[in-house]
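Please look over the structure below with the following briefing at hand, which takes up one helix, then the nonpolar core, and then single residues.

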Amino acid sequence: MSEQATIIDFLSASLKGLEASGRPLLSPREQEVADDIAASLDRALETMVSELEAVASCQQEDDGQAEEELPPFEAFCVGLKRIGDTLIPHLVSEFRAACAKRGAPVRPFSWIIRARADAFVAYLLQVAQVHGLAFDDNLERVGKNEQIILAHLGADLRMLMQRELDKLEA
């Protein structure tokens with residue numbers, strides 16, 4: 001079994017993708033502001049991920065909602081989607097607050113939140129793949145049905161991420 005990627009690995013890959021797409025050059029002052037915003041978001045992301053890792057090996061208990069019984073892997077993915085539904089908007093809110101604190105407009109620095117949100121989505125998908133199997137004693141590997149569930153989770157999280165990022169531009 002290969003070593004799991006960390007949130008830093010996902011962030012690094014996301015930032016490399018942004019560099020390849022031609023991120024604008026910043027003045028020294030803008031770079032200082034960008035570094036400060038990025039550090040603030042990195043701290044928020046680190047807190048979010050460490051809290052997630054603390055519960056990743058625990059199944060969610062019944063939240064009182066009358067839902068149909070889902071297979072364990074699918075139920076775990078539904079739980080991760082709920083987590084994403086809360087934490088992606090929270091991360092974008094942290095970005096907005098970090099920009100406001102520094103009196104910086106969001107648009108020139110939106111690449112900072114885009115990279116971190118993208119890394120967080122990739123991280124949630126990895127958590128689904130790695131830990132989701134642990135909840136289903138009948139699964140030994142991700143099969144066709146699980147691949148479809150993962151694809152839906154990824155699409156849902158990326159649509160949510162894009163909606164939140166679009167709100168920054170409005």
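Helix H4 has 23 residues and reaches 32 Å from its first C-alpha to its last, close to the 33 Å expected at 1.5 Å a residue, where the expected span is 1.5 Å times one less than the number of residues. Helices are DSSP runs of H or I with at least four residues, numbered from the N terminus. This is a predicted model, in which local features need pLDDT of at least 70 and side-chain atom pairs count only at pLDDT 80 or more, while totals for chains, interfaces and linings use all residues. Residues are numbered from 1 along each chain as its sequence is written, and side-chain values use heavy atoms, with hydrogens and water left out.

**Helix H4 and the core**
- Because 18 of the 23 residues of H4 are buried, this helix is largely enclosed by the rest of the structure (buried means under 20% relative accessible area, with a 1.4 Å probe and protein chains only).
- The largest nonpolar core, a set of buried Ala, Val, Leu, Ile, Met, Phe, Trp, Tyr and Cys residues joined through side-chain atoms within 4.5 Å, has 51 residues, and Phe109 and Phe120 are among those with the most contacts inside it.
- H4 gives the largest share of this core, 14 residues.

**Single residues**
- Setting aside neighbours within four places in sequence, Phe109 is in contact (heavy atoms within 4.5 Å) with residues including Leu26, Ile37 and Phe95.
- Ala38 lies in helix H2 and is buried, with a relative accessible area of 11%.
- Not counting residues up to four places away in sequence, Ala38 touches Ile112 and Arg116.
- The C-alpha atoms of Ala38 and Ala98 are separated by 8.8 Å, although these residues are 60 residues apart along the chain.

Definitions and conventions. Buried means under 20% relative accessible area, exposed over 50%, partly exposed in between (1.4 Å probe, protein chains only). Helices (H or I, at least four residues) and strands (E, at least two) are DSSP runs, numbered from the N terminus.
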